[in-house]
Amino acid sequence: MAKKESVVHGSVELLKQIPSLGSLIDSTQLDGLVSEHGRTFVANRLRETLDNLRASVINGSIKEYQLTPVSIVAQLSDNIDKALSGAMVSVFNLTGTVLHTNLGRATLADHALEYVAKVAGGPNTLEYDIKSGKRGDRDNIVESLICELTGAEAATIVNNNAAAVLLSIAALAKGKEVIVSRGELVEIGGSFRLPDVMEAAGAKMIEVGTTNRTHLQDYKKAINTNTALLMKVHTSNYEVQGFTASVSEASLSVLSKEYGIPLVTDLGSGTLIDYTTLGLPKEPLPFDKIKDGCSVVTFSGDKLLGGPQAGILVGDRKTIELIRRHPLKRALRVGQLTMAALEATLRLYLRPEHLVENLPTLRFLTRPTSEIKELCVKVMPAIKNSCGHNIDVQIVATKSQIGSGSLPGKTLDSYALSLTLKKGLNSGSNLERLASAWRLLPTPVVGRISDNAFLLDLRTLQNTDNFVRQLKHLPETLSMKGLT
Ligand SMILES: *Cc1c(COP(=O)(O)O)cnc(C)c1O
């Protein structure tokens, strides 16, 4: 008890020593910062600094000498630097998941980045027809490209694939019924659940079949005068195995034509080239779904396509026109940055022979394991060197994930550097500390913890020289985490 009271007493004394914002902001010590950054900005950062100091005193983590005016100004400068350096930082994604949703999904191609900088940095023809001098439609920028690549008659673009699904249902089935198989009531990460999307779009969902088996008859029996849509959803992040049956788009399109009810397929990822020709697992192509008779196919721009976040809708002209004219289209449309990046990415697909070298997503997915292993061998000495004596570094075989719910259950053979702490120290909490020491590097390195080791999967390593160069900071971040 006595001890606790003295801590409280001490902290009250310390709190009193913290100067007020008013007394500091106009002091000569801050003249330089105020004239460089302006009074409002510096005052706001100073308020944060003083609040942090008070919090640290109250939780007992601060010592008296840290409260000198000089140290307060030093912390204020740090806060100013932080506020100016931006919240979105580049990282090395060495998690083994190629399309990592939390790390920005697809890495854009250089062509796309250059094109964005070239055309989207000033006025451009986003919605303007140069020949006639009249207003154009932003979809025109990519429509013919997409049609060439998917065999569709028409295309329209929205903010992401979730928006594409929402918009198709709202435009085609509001106040009406949509028939979907119980085996396809998908939830993907980030709270996209098909039943909720149906509700938000104002449609009534009619579930047919069972979790594992749905037949053509099930759809047919559910059709009535209020049916507006037949819907298929690619089960991109799970697989139903065993005694299963589902109805293909080709079969459903016969029903669709017979009853005059559009058939919409949410492909999720979807690729524009046949992955099996690259030695990758098969993934459905919008091209095939259009050929099978779908009215509309929707897919993402930033999954396997390897472009910017976008939702692409392709289909027959009449149905796409209905969708394009819906008021929600205006709310969900993409901006010029997205349009430029999407156009440049799609143009890469016109020359499939050069696609792997040009498109980072495909380059990562097809990177030979021998090359990944060589990279491990190349960077291992530098890592060992900066890790000190407490950490063992080994090269291990591992599996990369494609990510973003693409290609269920399919993994790619890869190699990783496996870091473990010397015996006795290799606890879960120390591995978490090790992972966070890597995240404290100037360009944070994000790995994963698996099987009692911290793994750096090098399938997605680019800028190897930068990666190695910044390892010189590792001893410092390891010591900050108490691992040296
Ligand atoms: C990923 C996915 C979506 C959502 O796409 P976003 O582009 O992330 O909005 C919708 N449906 C399926 C089946 C998906 O895999």
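A polar contact here is a pair of N or O atoms within 3.5 Å. With that cut-off in hand, the ligand site of this predicted model is a good place to start. Lys303 makes one such contact: an N or O atom of the Lys303 side chain sits 2.8 Å from an oxygen atom of the ligand. Asp266 also reaches the ligand through its side chain, where a polar atom comes to 2.6 Å from a ligand nitrogen. Ala162, on the other hand, uses its backbone, with a polar atom there lying 2.9 Å from an oxygen atom of the ligand. Taken on its own, the ligand would expose 380 Å², and the protein buries 95% of that. Two elements, α8 (161-173) and β11 (263-268), each give two or more residues to the shell around the ligand. As for the surroundings in full, the ligand has Arg105, Asn160, Asn161, Ala162, Ile188, Phe192, His234, Ser236, Asp266, Gly268, Ser300 and Lys303 around it.

Zooming out, the protein chain splits into domain 1 (2-85), domain 2 (92-101 + 364-480) and domain 3 (110-358). Between the C-alpha centres of domain 1 and domain 3 there is a gap of 53 Å.

Then there is the surface. Val89, Val91 and Leu103 come together there as a nonpolar patch, and their accessible area adds up to about 210 Å². Of these residues, Val91 belongs to the loop that runs between α5 (69-85) and β1 (92-93). Val91 counts as partly exposed because its relative accessibility is 32%, and the partly exposed class covers what falls between the buried limit, under 20%, and the exposed one, over 50%.

Note on methods:
Residues numbered from 1 in each chain as written. Predicted model: local features only at pLDDT ≥ 70, side-chain atom pairs only at ≥ 80, totals over all residues. Heavy atoms only, no water. Domains from an automatic or database assignment. Patch = residues over 30% accessible without salt bridge, like charges linked within 9 Å, V, L, I, M, F, W, Y side chains within 5 Å. Areas by Shrake-Rupley, 256 points an atom, 1.4 Å probe, with all protein chains shown as cover. Salt bridge = Lys/Arg side-chain N within 4 Å of Asp/Glu carboxyl O. Helix = DSSP H or I, 4+ residues; strand = E, 2+ residues; numbered from the N terminus. Buried < 20%, exposed > 50% of the residue type's maximum accessible area, 1.4 Å probe, protein only. Near = heavy atom within 4 Å. Polar contact = N/O pair within 3.5 Å; in protein donor to acceptor, adjacent residues only side chain to side chain.
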